[in-house]
Amino acid sequence: MAVAAAVAVVAGVSLGATSIVLNQAIDDQLIEQAEASADTIQTNSLGLGLGLQAFSFGLEGQFLGASGNPLENAVSSWNSVRIPVDPADAEVARRQRAQNLRTVTIDGQSYRLVTVPLQRPASGGALQLARPTTDVDRTLRDLGLVLLVVGVAGVVGSALAGRIVARAALKPVDAAAAAAEEVARTQDLSALIPVTGSDEITRLAESLNSMLRALEASRARQRQLVDDASHELRTPLTSLRTNIELLLRAEANPHRALPAADRAALLRDVDAQMRELSGLVSELVELARDEVPTEEVERLDLAEIVAAAAERVRRRATGKDIQIEVDAVSSPVDGRANMLERAVTNLLDNAVKFSPPASVVRVRTRDGEVIVADDGPGIAPQERSQVFDRFYRATSARGLPGSGLGLAIVADAVQTHGGTVTAEGSLSGGALLRMRLPLATPDPSDPRDALMLAGGAAGLDADLAWRRPADGAPTTGSPAPAPADGVSPAGPRGENPGV
């Protein structure tokens, strides 16, 4: 329809412009011929009236007297039609108008008529020449027919070509739609869309393939999480069910009641299992979300995050009389406060859980790095690459409380922020966990960033190494650094069994 409208407009403009040009050319030629004929008129000296001679150029013509009436006795042999006279023609004969040009119809035939004054006699008179418009009308009619045929052919050809081009261009879209329908029908996310070329449709296909790969990876992670969770949940649920059934049987049979000590032990066991199960479910919910965090990214001071996490863990570490030493230097990072605080809290909780009573957990942060060291059994070298996997627990750690998800949550948070987390061994034989985050680009005009820059410049160290405080020395505050990462051993240690 758009092409047809454009062709119609072009054809109409072309036909109208041609008509104007042809009619203007005909008018100019007709006026020139009439003026040339009027210049050849001569007066007959025999006094028999006006004997007139003129060149007609093969056109119809008529003479008008000074009064504006046709001269009956002066109609030459080349005049075959009676040409109408109007008041404007009479004015030309009386020398009141230079010329008169108009279109008239005589016996059903259209003529272009011009009236010009005679130069001789001086008393007045006019010459009329009429030219048929048949040739112009025929030319315009033929041109209109040609434009119509060409326009229709152009519209039809454009429609066919457009259909062919559109079908060829939309073929990848059809393939993408078919692939999407196939994925919806079979739920097979590995069925990718074939990609050819380098145009916008190709980019769309590549984007859809990327989406399918992301969905497939997400589904694989969810399936793995469900498998691991079902395995981990089965053990505490079975134990919890067994203990509750034993308590119910004892309550149902008064003659075989459990001793008070055994009953209290069972209740404590049930309470511990419930707590373990609640923690496992909470951590599973945290990991199962598998979605882009909704918390906004903001400029943070990693030292403040570590300080808040350490204060929270201190309250839980008082039961084992464990001290948490913090050495924090301002480090500007762009991140999500709650997620990073949860990650640091999990690192400290892990250190507290595996540290012996009355020991020290040391945490240090600077240059976008958080390092947590403890005096626990440490992590065996062959297990350090696995401790951040979901539900992974070393054999020596399976008797301790925990779900094996705490460090997995740390790894997930660090990966979301574009950082890394690794496990190492400290000089004291315990575990040393190192979390690295990309530093934010400080803005010197921001007072907060200016303080961070000043703090970072004042306390720049490349290692984490504390000396164990001497007997009687305080175990809080900023510890003194030693030449290398880790802590000096407080006593003999065995092999690192892992966490």
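Q: Where in this predicted model is Asp39 placed?
A: Asp39 belongs to helix H1, which covers residues 2-39. The model is a predicted one.

Q: Why is Asp39 called partly exposed?
A: The relative accessible area of Asp39 is 44%. Partly exposed is the class between under 20% and over 50%, so Asp39, at 44%, is partly exposed.

Q: What makes Asp39 eligible for a surface patch?
A: Patch residues need over 30% relative accessible area and no salt bridge. Asp39 has 44% and is part of a negative surface patch with Asp28, Glu32 and Glu35.

Q: Why is the contact of Arg131 and Asp135 called a salt bridge?
A: The N to O distance between their side chains is 3.4 Å. The limit is 4 Å, so the pair qualifies as a salt bridge.

Q: Why is Arg131 called buried, and why is Asp135 called partly exposed?
A: Arg131 has a relative accessible area of 16%, and buried means under 20%, so Arg131 is buried. Asp135 has 28%, which lies between the limits of 20% and 50%, so Asp135 is partly exposed.

Q: What makes the pair Asp334 and Arg299 a salt bridge?
A: Their side chains meet at 2.8 Å, N to O, which is within 4 Å. Asp334 lies in strand E7 and Arg299 in strand E5, so the pair ties together parts 35 residues apart in sequence.

Q: Why does Arg434 count as buried?
A: Its relative accessibility is 5%, and the cut-off is under 20%, so Arg434 is buried. Arg434 also forms a salt bridge with Glu424, with the closest N and O atoms 3.0 Å apart.

Technical notes:
Residues are numbered from 1 along each chain as its sequence is written. This is a predicted model: local features need pLDDT of at least 70, side-chain atom pairs count only at pLDDT 80 or more; totals for chains, interfaces and linings use all residues. Side-chain values use heavy atoms; hydrogens and water are left out. Patches are made of residues with over 30% relative accessible area and no salt bridge: like charges are joined within 9 Å, nonpolar side chains (Val, Leu, Ile, Met, Phe, Trp, Tyr) within 5 Å. Accessible areas come from the Shrake-Rupley method with a 1.4 Å probe; for residues, only the protein chains shown count as cover. Lys and Arg count as positive and Asp and Glu as negative; His and the chain ends are not counted. The place of a charge is taken as NZ of Lys, CZ of Arg, CG of Asp or CD of Glu. Helices (H or I, at least four residues) and strands (E, at least two) are DSSP runs, numbered from the N terminus. Buried means under 20% relative accessible area, exposed over 50%, partly exposed in between (1.4 Å probe, protein chains only).
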